[in-house]
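Visitor: Got a minute to walk me through this one? I'd like the packing and the odd backbone spots.

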Amino acid sequence: MTTPKTPVADPGTASQDSGHIVSGDPAAANPAAVSPAAARFAAAYPVRPVPAPGPVDTAPIATTPAALQELDGLWKAVAHETRTRGNDIHLPISLAFAERLCRAYPEADAGLVRVATLLHDTGWAHVDESRIISEGFAGDWRKAAIRFEHEKQGCDVARRVLPGLGYSEEFIERVCEIIDGHDTRPVAQSLEDALMRDADRLWRFDQAGIALASSWFKMDPATYTDRLTAEIVPELITQAAHDMAAADLNRSTALLKTAVIR
Ligand SMILES: [Fe+2]
Ligand SMILES: [Fe+2]
């Protein structure tokens with residue numbers, strides 16, 4: 001499919017997380033105002049969505065599960081953390097998308113993207129669960145204290161579990177650079193950061209993501225998929241993610257008959 005090319009940052013673009021719109025962050029218009037790394041990434045990848053040099057697989061994600069056994073030890077180490085906020089559904093599906101995105105962008109450090117994606121939301125297990133929906137998904141969610149807390153807690157999880165699995169200190173800090181700010185920083189700071197962010201959104205377009213997330217927000221599937229089109233698709237950074245999202249949305253809306261049941 002083709003998607004209209006847009007500038008790196010679109011001033012005033014609304015941002016939202018699964019159904020809650022907030023006004024665009026002015027910093028998103030200027031990556032240099034966010035960090036030197038964000039400015040470097042914006043300069044290195046001026047075309048958005050970022051074109052994919054590798055193959056783009058748009059088949060249902062269930063056909064290519066995250067199968068790399070090397071991460072099984074990490075999954076076991078964070079099994080407790082996957083029991084909060086549907087992470088035992090969200091994280092494995094997001095990891096499958098992350099691995100697929102890495103095949104489309106072979107210049108990315110796939111090991112970094114995979115570990116960061118697997119761990120990015122584990123911090124939800126260490127915050128006050130009653131505040132997750134009331135604060136973390138309402139209003140100006142990017143600035144909600146609970147959002148910052150789950151990012152910080154996710155970094156603590158990474159620093160707790162990764163050393164014992166043989167990961168270097170330098171690698172762990174790169175993982176934390178992605179986790180810390182994955183929701184609250186308005187722009188990506190590296191290709192690996194961008195792929196994790198796209199994987200974090202792509203799971204929503206699969207039928208399992210629609211089923212789970214629409215129930216969180218007490219939306220019917222038609223309303224939720226309309227929101228995906230209007231608000232999540234514009235946030236996708238890479239062309240591969242746009243292609244995967246479009247294919248999944250077509251399948252999911254047909255399956256759920258959202259054109260009729262609304
Ligand atoms: Fe998150
Ligand atoms: Fe997430």
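Guide: Sure. One term before we start: a residue is buried if 20 or more other C-beta atoms lie within 10 Å of its own. Also keep in mind that this is a predicted model.

Visitor: Fine. Which residues of helix 5 are buried, then?

Guide: Leu112, Val113, Arg114, Val115, Ala116, Thr117, Leu118 and Leu119. That is 8 of the 10 residues in helix 5, which spans 110-119, so the helix is largely enclosed by the rest of the structure.

Visitor: What do those buried residues pack against?

Guide: Five helices. They are helix 3 (72-77), helix 4, helix 7 (145-161), helix 8 (169-179) and helix 9 (191-202).

Visitor: Take helix 4. At what angle does it pack on helix 5?

Guide: About 165°, and the axes are 9 Å apart. The cut-off for roughly antiparallel is over 145 degrees, so helix 4 is roughly antiparallel to helix 5.

Visitor: Left-handed or right-handed crossing?

Guide: Right-handed for this pair.

Visitor: And which residues meet there?

Guide: From helix 4, Leu91, Ser94, Leu95, Ala98, Glu99 and Cys102. From helix 5, Ala110, Val113, Arg114, Thr117 and Leu118.

Visitor: Now the core. Which residues touch the most other members of the largest one?

Guide: Phe97, Ala98, Leu101, Ala116, Leu119, Val175 and Leu195, out of 55 residues in that nonpolar core. Helix 4, residues 87-104, gives the most to this core, with 9 residues.

Visitor: Is there anything else, core-wise?

Guide: A second, separate core has 5 residues. Trp124, Val127, Ala144 and Ile146 are among them.

Visitor: Back to Leu101. What is it in contact with, leaving aside neighbours within four places in sequence?

Guide: Leu195, Asp198, Ala199, Thr238, Ala240 and Ala241.

Visitor: Zoom out. How many helices and strands?

Guide: The protein has 12 helices and 2 strands. Along the sequence, the pattern reads β-β-α-α-α-α-α-α-α-α-α-α-α-α.

Visitor: What share of the protein is buried?

Guide: Buried residues make up 45% of its 262 residues. As for contacts with a separation of 6 or more, 74% join residues 24 or more positions apart.

Visitor: Backbone oddities next. Which peptide bond is cis?

Guide: The one from Arg48 to Pro49, with omega near -5°. Pro49 sits in the loop between helix 2 (36-44) and helix 3. For context, most peptide bonds are trans, and most residues other than glycine have a negative phi.

Visitor: What about positive phi outside glycine?

Guide: Look at Arg85, with phi near 55°. Arg85 lies in the loop between helix 3 and helix 4. Lys218 also has a positive phi, about 55°, and is not a glycine. Lys218 is in the loop between helix 10 (207-216) and helix 11 (221-232).

Visitor: Is Arg85 buried or exposed?

Guide: Arg85 counts as buried, because it has 21 C-beta neighbours inside 10 Å.

Visitor: And Lys218, buried or exposed?

Guide: Exposed. Lys218 has 10 other C-beta atoms within 10 Å, and the cut-off for exposed is 12 or fewer.

Visitor: Last topic, confidence. What is the mean pLDDT?

Guide: The mean is 89, and 87% of residues reach 70 or more.

Visitor: Where does pLDDT stay under 50?

Guide: Over residues 1-27. The model has 62 contacts beyond four places in sequence for that stretch.

Key:
Residues numbered from 1 in each chain as written. Chains lettered and ligands numbered in written order. Predicted model: local features only at pLDDT ≥ 70, side-chain atom pairs only at ≥ 80, totals over all residues. Core = buried A, V, L, I, M, F, W, Y, C linked by C-beta atoms within 7 Å. Helix = DSSP H or I, 4+ residues; strand = E, 2+ residues; numbered from the N terminus. Contact = placed C-beta atoms within 7 Å. pLDDT = per-residue confidence, 0-100. Axes fitted to C-alpha atoms, helices over the stretch in contact; angles between N-to-C directions. Parallel < 35°, antiparallel > 145°, perpendicular 65-115°, else oblique. Left-handed = near helix turned anticlockwise from the far one by under 90°.
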